[in-house]
Amino acid sequence: MVSKVLGVLILARNGDRSEFLQDPYSYAPSFTESTALGAVESFQLGSYLKSTYLDSSSPLHIRDMPLDPSHPIPPSKVNVHAKSGGEGAAIFDSSIALLQGLFPPTPLNKMELANGSSVVSPLGGYQYVPVDMSTEGDRVLEPWTDCKAFKKHVSEVYASEEFKQTTKDAEHFFGSVHDYMFGRPATLVDMWNVYDYLNTQLIHNQSFAFRLPPTLIEQARGFADYKENAVFSDEDIAGIGNIAGRAILSPIIKSLERIAFEDDPLRILLIETSYQPFISLFSMLNAKGDNGQLTGIPNYASALAFEVLQGPAPEFRDFVRLKFKNGTDDAEFHTLHIFDHPEKSVAVTEFIYRLEHHVVPSDKWTSTCSTSWFPFGMDATMASEGAFTPFRIVLLSLIALGAIAIAYRKYTQTKRAKRYDPMREDEAQATFVNEKSRLLP
């Protein structure tokens, strides 16, 4: 199918950074910072995206984007978001490095002044692309933090028979790796921290790299892939295990609609984030490559592209095609099959129809993450956040009064029936006691 690329939505993972620990139950993050290697990895990804979607000679050049590669990028055509929570500083740095590769400096990035002179932007025409970061509780790019339902899901994963069996299967590995962890916990529950420590040392500590036995890092990656995939995926597409994918689909679907159905200048959406949404999206979309189902942790500077394509005449329907590039060691994008679809592209309308009811936008996060029942989507945690406004208090009071009225009515009806019931006195008394006991808390 000959298609024109109308726009592209890019989900990119950050580049290399220092050791990053996470609490295995709450996934509360520790501090980390980017490295020069990570900046290079993200810059290379940006350069690849530029050659793929912005170079005029590319068959995938995005429509309505400048054909001259030295032309400054129109700001209205690009939206960039970066995760602000765990790994936030490293992720922001990665987004800047990626943008440097995607929109390199150009001497045409200049302006004319009133006195007739011209000024070129610093660094030979550096292009400053705004990056949006959430400042309070990132519920789109880090929705699993402080999510009670997700914490419950994590505990259930660790308590499952499959996880217990995998723990037994990993006993030999943990016995072998113990001497290289230097007192750090080494269990399957702590597997992310085990793998991240080993991998970080292997990259940055030459003495450690010389000592680590062969295959240990591959085994660690395998068990880390299993553990993170179990936590951040779900058999049910609407399951809480997919919270990372369900939340990030909110800006993705909105951007798809802007490109496909609205008279909107947007052509590129870039979301710089961590590994978790990749795992959830692979699960939700049932994404398959040439080697089967995609699972596990994507490499540093990986990218998942949602290409919006215009189909052939006479319909000119718009389609979505997914491609994945697994880090800098992967030379190019690979097209994925999703939803067990026989074609490598899916109509935008079908894509949205299959997913829109499972999306968790920011205003639905509280009800999705609640483990308690409250009417009208209210959550018990709202009380501590000052969310019980006078209106909600009155509403709950009316509901309570209604429940009391219903209970009182049942009580009076039972008492009235007693006068005409031909049962013996002891039976009637027993009925009265039972009805009354139902009203007790």
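Which helices are included in what covers the buried residues of H9? They include H4 (148–159), H5 (161–169), H6 (171–177), H7 (191–204) and H11 (276–285).

The model is predicted: local features need pLDDT of at least 70 and side-chain atom pairs count only at pLDDT 80 or more, while totals for chains, interfaces and linings use all residues. Residues are numbered from 1 along each chain as its sequence is written, and side-chain values use heavy atoms, with hydrogens and water left out.

**Helix H9.** Please select residues 216–231, the 16 residues of H9. Helices (H or I, at least four residues) and strands (E, at least two) are DSSP runs, numbered from the N terminus. The end C-alpha atoms of H9 are 23 Å apart, in agreement with the 22 Å expected at 1.5 Å a residue, where the span is 1.5 Å times one less than the number of residues. Among its buried residues are Leu-216, Ile-217, Ala-220 and Phe-223; buried means under 20% relative accessible area, exposed over 50%, and partly exposed in between (1.4 Å probe, protein chains only).

**Leu-198.** Select Leu-198 next. Beyond its neighbours within four places in sequence, Leu-198 is in contact (heavy atoms within 4.5 Å) with Val-177, Tyr-180, Met-181, Phe-208, Leu-212, Ile-217 and Ala-220.

**The core.** Leu-198, together with Phe-150, Met-191 and Phe-232, has the most contacts inside the largest nonpolar core, a set of 43 residues. At least two residues of this core come from each of H4, H6, H7, H9, H10 (243–261) and H13 (365–369).

**Leu-113.** Finally, select Leu-113, in the loop between strand S3 (110–112) and strand S4 (118–120). Leu-113 is partly exposed, at a relative accessible area of 34%.

How values were computed: A nonpolar core is a set of buried Ala, Val, Leu, Ile, Met, Phe, Trp, Tyr and Cys residues joined through side-chain atoms within 4.5 Å.
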